[in-house]
Amino acid sequence: MSLTINNVFGLLGHTIGSHPILFIVLSLSLFTVSLLGPLLRLDIRVDIKSGFNRDNTASVEEINAHKQFFNNTGDPWYMALFATTNGSILETRRTDELTTFYKYITQTMPVNVNKSTVHYQNDLCEPFCNFNSQLWNLLNYQSFFKIIYPLSIAGPYKVNIGRYLFNRTINEQGIVIGVGTVAIYFTTFITDSIKQKQLDVFEEQVLREVYNHNANPNSTITLILHGAHTVSGEIRRGIQLVLPYYFTGAVLLIAFVVISLVLASLCHSFPMRHLQLILPFAAIISPILAAISAIGLILLAGYHINMLILISPFLTLATGVDDAFLLTNTWLKSTAMPHALTTAERLQLVLEKVGIGITVTSLTNSLGFALGCIAPAPEMQIFCATVSLSMFLDLLFQLFFYSPLQVILSHDEPKIVYKQIKRDQPTLFERMKQNVTSLCKYYSEFIASVWATFITIALLIAYYYFAITGMQAMDANVDGKMLLPPDSQSVDGIRIMDEIIWPDYLSINYIMRNPPNFSNPTEFRNFTLMVKEMEKSKNSLGSAATMHWVKDYLRYLANPHATKLDVFFGISGVEANGTAYMENGLDMSQFDFFINTEPYTAWKLGTRYMRDTQNRIVITSMLLIMGYNGTSSLSDKAKLLRSCREICTRYAQYDMIPFDTDAELVDVILAVPSTTINTVFFTFGAIGVVCFIFSFNIGASILAILSVVSISTGVIGFLQYWNCFLDPILMVAILITAGLSIDYTVHIIFHYVINDYTDNVQRINTSLEACALSMLQAGISTFLIMFPVLFAPIGIYAVISKAIILTVIFGLLHGLFIVPVLLTALPNCFAKCLPNCCIKH
């Protein structure tokens, strides 16, 4: 007699049932070893920028160009301080209050790290210590000139105020007479771990000073800090806030699992004992052990935990409970068979029936996420590897922990059960079981009818219409507020950026690594024409917001003897005119005087130059700063930066690189659609491969893939109607959807394939009796654990909850109706029973 796949699982079940304690000890030993991971090298990172991009993305080159231009090798560091008021910050009292606070935190406030004291202005700010100097010049000397947006004229000088002053009030002459919001920027490079710690401490102390200032009833302005370190801390606080919602769901899940298994036992005349109440908890503990073990092993392998991995246990829990329901329900049905005389033989019978289905769902999930490791983003690779390992370990814990525990707790029951099934009068629960069996039979007859086929076709047409429409309308974006508690000050910081700063003024720094020869008239004209074209691009603020050294150099050449005294006395200079230089090229003979004259010395930071062999000034690299408006989200910024990159590509002779502080997030947004599609398709392919290996039935494998694709399509499309957009979190939710979807369809498909009835009604009825209850129980349990999270205050967890709940709804719709209808409508040759896995009746 040939050894079939079912025989293999039966042999495994008999072995486990004969030595249950041994297998429990082995599984717990694996869990114990994995605990060394969090104990020895716990590393949790909540950054959503770095690690979510490939090593060859545009942002990597842009950040490196930024570092090289400023002769630094450290990572850029940023912090912003916003001052808001109901009046005008231009009023003397408010200006003095803001100036005093700024001077204190930058010059006076000590930053103590490793028993050493530093100050921001003297020790941490290089090379951008004068980044806000124009703002303070503006506020200090505003009485000597009129403020015009975005370029104010101060005597012979022009001051760009676009990046500093917002919520402006302008009179009929176009003069700014009121300012509601002021932005102050802090930036430097993190050169080593000590400076990183110093900057973290500096940000923490500034945050405390901001709270103290805002709490002072005499304060006339409100300060808001926006920094990466603060945001990371708030993200961690958000995780703590959302835990009670998950615990509530866990309580609901435990209650449902206990009630379900108790009722199932009573319906099968299974005698319940107190010890057997351990089983429902074991059903929940098994996937938790698998998830914790996977995370521990990942840590032991030298990797870290990211935000995505923190939510992975709930995916494992959902699939693991499904397998536990299937094992237990099949175990209970085996009690009615007199030939199952020992617990080892009963487990053998159980695994012969459901071993393939459990293995297929676990391995498809595991292999699907393993293939996701080819995703270019390192953080996605770590997440996919962790979930893949977790799914595989869940299979092991179901087989080697939960199953032997079932054997131990049911060791002396076959004789009792056999006696109980001899009674003439059925109990209430037995009558319920009979009614459910009759209902299942009638439902199977309906499933196999023409009417069910017509209803399915109409339902699928409407389903795909709304799903595809939703997918087409879904936009890629990243909203930092979804990571934060609603009462976080960082939410206000992000809101100010999205609603006040970016829509009004957003600067993009173009790093020109091969500038033209400005002394050459042709090259100078071409450069000027390029700048004018860039100033005509969409959302550009035009020439008034453009900054580069040439504009100030022309102004210097027109007013070579201008000083700050001209500002005090209101002496305006001669307007710069570059027309003459278009014919002859720029006269660079005065450049040394220009670059060393206040206030033009600021361009030392934005211009790199040298002297050639003839002692002529040659610009080797420079900054070209352009101003844009109309940006109200990271999605808009992604579109803007993409257009900036296209401009740089058109003018390749200048070797220009556009730089923005959110370049990494922009690449995340731009990469999310393609990364999601690629990873999901690999998952679909893995599902088909594993299904075919275990069934050798191409028809069943194709139907399994199509059902998962259909469920995932519906989830993605309908999430758009639920106010979701495509971001890294939703990308993870989609991967989870693909992983969960297979659990709602593969069991019904395999039970249909492996029974040898020729009548479709009998085949589908047998299949539904075998797995419909377990499928429904798994769906309800998953829904219960995720439903409370819908109301969590942190948006990203609500998004995950929405995706999983939609997966449950559409999964049950497909598993209990659409897929059964398709199975009965297809010819038997399409889903025929094959000798290597067929169960004879």
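The following legends describe close-up views of salt bridges, a helix and a buried side chain in a predicted model.

**View 1. A salt bridge within helix α17 joins arginine 495 and glutamate 499.** The side chains of these two residues approach to 3.9 Å, taken from N to O. Helix α17 covers residues 489-504, and the partners stand four residues apart in it, about one turn of the helix. Arginine 495 is partly exposed, at 29% relative accessibility. Glutamate 499, in contrast, has a relative accessible area of 53% and counts as exposed because the cut-off for that class is over 50%.

**View 2. Arginine 650 and glutamate 533 form a salt bridge.** Their closest N and O atoms are 3.1 Å apart. This contact links distant parts of the chain, since the two residues are separated by 117 residues. Arginine 650 belongs to helix α23 (residues 634-650), whereas glutamate 533 belongs to helix α18 (residues 521-535). Glutamate 533 is partly exposed, with a relative accessible area of 35%.

**View 3. A salt bridge connects arginine 645 with aspartate 667.** In this pair, the closest N and O atoms are 2.9 Å apart. Arginine 645 lies in helix α23 and aspartate 667 in helix α24 (residues 663-695), so the bridge ties together parts that are 22 residues apart in sequence. Both partners are buried because their relative accessible areas, 14% for arginine 645 and 7% for aspartate 667, are under 20%.

**View 4. Glu61, Arg513 and Asp655 belong to one network.** The three residues are joined by salt bridges that share partners. In the whole structure, a search finds 18 salt bridges.

**View 5. Helix α23 contains 17 residues.** From its first C-alpha to its last, the helix reaches 24 Å, which is close to the 24 Å expected at 1.5 Å a residue. Its buried residues include Leu634, Ala638, Leu640, Leu641 and Ile647. Also among them are Cys644 and Cys648, together with Lys637 and Arg645; the last of these, Arg645, is the salt-bridge partner of aspartate 667.

**View 6. Phenylalanine 9 is a buried residue of helix α1.** Helix α1 runs over residues 5-18. The relative accessibility of phenylalanine 9 is 10%, and this residue therefore falls under the 20% limit for buried residues. Leucine 349 is 340 residues away from phenylalanine 9 in sequence, yet the C-alpha atoms of the two residues are 8.9 Å apart in space.

Conventions
Residues numbered from 1 in each chain as written. Predicted model: local features only at pLDDT ≥ 70, side-chain atom pairs only at ≥ 80, totals over all residues. Heavy atoms only, no water. Salt bridge = Lys/Arg side-chain N within 4 Å of Asp/Glu carboxyl O. Buried < 20%, exposed > 50% of the residue type's maximum accessible area, 1.4 Å probe, protein only. Expected span 1.5 Å × (residues − 1).
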